[in-house]
Amino acid sequence: MISQECYELGSKSSVIREIFSYGLKRKAEIGEDKVYDFSLGNPSIPAPESVKQAILELMELPPEKIHAYSPAPGDPKVRTAIAGSLNRRFGENFRMENIFMTCGAAASLNICLKALLNPGEEVITFAPFFPEYRVWVEGAGAVLNVIPAKLPDFQIDAEAFERAITPKTKVVIVNTPNNPSGVVYSEETIKNLCAILKKKSEEYGAPIYLITDEPYREIVYDDIQVPYLTKYYDDTLVCYSYSKSLSLPGERIGYIVIPDRIADHEHVAPAIAGAARVLGFVCAPSLFQQVVAKCVDDTGDISAYKKNRDILVEGLQRMGYTCVKPQGAFYLFMKALEEDAYAFCERAKKYDLLLVPSDDFGCPGYVRISYCVSEKTILDSMPAFEKLMEDYRT
Ligand code: PLP
């Protein structure tokens, strides 16, 4: 017998991937520009010019300097550059020892979960949440508990959170700016969350680690501030990725911040290295470690996402759809026009609108619209949204 768990994970693709595949098929049938595919979170803006320049400069170096294995936690110069950037931007005091280079946020989270959790321990996250969390938490042998969404603003329900914490709770995962809601947790939300974490860790006499998953940190609109969580709670690990901020999802590059002040640091830091080892990561891609070190304060030009957001929010609300205006990331979370979001998405397909039902995000009755597409797709899709609304009126 092989692993039933892995067999199941590998043989059924995610809802998002299924819709994306359907979109490819449909585009081949009726034409690329007639299908409005809002399924995937693949950045649509190009990587900044500085990324290309960095690659070109690095190509001048002897190949053995750029393609070799780096030390497992990453190239010391790269880690120093990242620590420096975080210190400048967030008033922190990190050193290279606090930075562990990874293959993106998925790797960062898997490494942290593997390092922190023992079988049967519990992880809490907040709906709506990125569906892969369930796969990763269960892959680490732990149990995922989901706090229902707080309506109408999709911030955190502090009371429900406090009630859900048990002596087995070891980790809490937050994702802000959030996929799929686009919401940024306010400073007040973060302060309440951290006060509860402190109170409960003291009550149970054991640390509860906060993992903050932040691939969208720099993708925020209207001068919204995203609190840097290590400033609010000592036992915080930051999982970062350049997939979205530099539009480099295929290059697999990110890092974990392991502050000196987290509880049991002398065991947690080696456990992070051990988890990366057992998961077979060896080291993060060497070329792209050096690329990001050269672009450490850069972000792609996100004005196109902002424009898409504004057109969508204005257009959809005018038609009568309900959604919270996203403050960050490139997703819009819209209420379906019937309770069953799957049925709603099926009906949307009649108009070649490809939307993702929200059930796997732990918040039924909504759809996720990934607006990291061209402005033309957004504009051309408006009549289809109009027809879908009409369909429900008749
Ligand atoms: N976490 C969230 C919330 C995401 O949306 C994604 C990707 O879409 C990831 C993690 C994984 O990102 P990466 O490409 O860095 O592994």
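# Exercises on a predicted two-domain chain

The centres of domain 1 and domain 2, taken over C-alpha atoms, are separated by 26 Å. The model is a predicted one, in which local features need pLDDT of at least 70 and side-chain atom pairs count only at pLDDT 80 or more, while totals for chains, interfaces and linings use all residues. Residue numbers start from 1 along each chain as its sequence is written.

## Exercise 1: the domains

Task. State which residues form each domain, and describe the side of domain 1 that touches domain 2.

Solution.
1. Domain 1 comprises 4-48 + 300-393, and domain 2 comprises 49-294; such bounds come from an automatic or database domain assignment.
2. In the contact between them, 29 residues of domain 1 meet 33 residues of domain 2. Two residues are in contact if their C-beta atoms, placed from the backbone, lie within 7 Å.
3. On the domain 1 side, the elements that give two or more residues are α12 (303-319) and β9 (331-335). Helices (H or I, at least four residues) and strands (E, at least two) are DSSP runs, numbered from the N terminus.
4. By class, this side of domain 1 has 17 nonpolar, eight polar and four charged residues. Ala, Val, Leu, Ile, Met, Phe, Trp, Tyr, Cys and Pro count as nonpolar, Asp, Glu, Lys and Arg as charged, and the others, Gly among them, as polar.

## Exercise 2: two helix crossings

Task. Determine the handedness of the crossing of α5 and α11, and of the crossing of α6 and α7.

Solution.
1. Two packed helices are described by the angle between their axes and the distance between the axes. Here the axes are lines fitted to C-alpha atoms, for helices over the stretch in contact, and angles run from 0 to 180 degrees between N-to-C directions.
2. The axes of α5 (residues 76-90) and α11 (residues 286-294) come within 9 Å and cross at roughly 35°.
3. This crossing of α5 and α11 is left-handed, a term for the near helix being turned anticlockwise from the far one by less than a right angle, with right-handed used if clockwise.
4. K77, V78 and A81 of α5 meet Q289, Q290 and A293 of α11; the contact has three nonpolar, two polar and one charged residues.
5. For α6 and α7 (residues 132-139), the axes come within 9 Å and cross at roughly 35°, and the crossing is right-handed.
6. A106, L109, N110 and L113 of α6 meet E132, W136 and V137 of α7, a contact with five nonpolar, one polar and one charged residues.

## Exercise 3: the ligand shell

Task. Identify the closest residues around the ligand and the helix that gives the most to the shell.

Solution.
1. The ligand is surrounded by 13 residues, the closest being G104, A105, A106, S241 and S243; a residue is near a molecule if its C-beta atom, placed from the backbone, lies within 6 Å of it.
2. Helix α6 (residues 104-116) gives the most, with three residues.
3. The shell divides into five nonpolar, seven polar and one charged.

## Exercise 4: backbone exceptions

Task. Locate the cis peptide bond between A127 and P128, that between T176 and P177, and the positive phi of D222.

Solution.
1. Most residues other than glycine have a negative phi, and most peptide bonds are trans.
2. A127 and P128 are joined by a cis bond with omega about -5°; P128 is in the loop between β3 (122-126) and α7.
3. T176 and P177 are also joined by a cis bond, with omega about -5°; P177 is in the loop between β5 (169-175) and α9 (187-204).
4. D222 has a positive phi, near 55°, and is found in the loop between β6 (209-213) and β7 (236-241).
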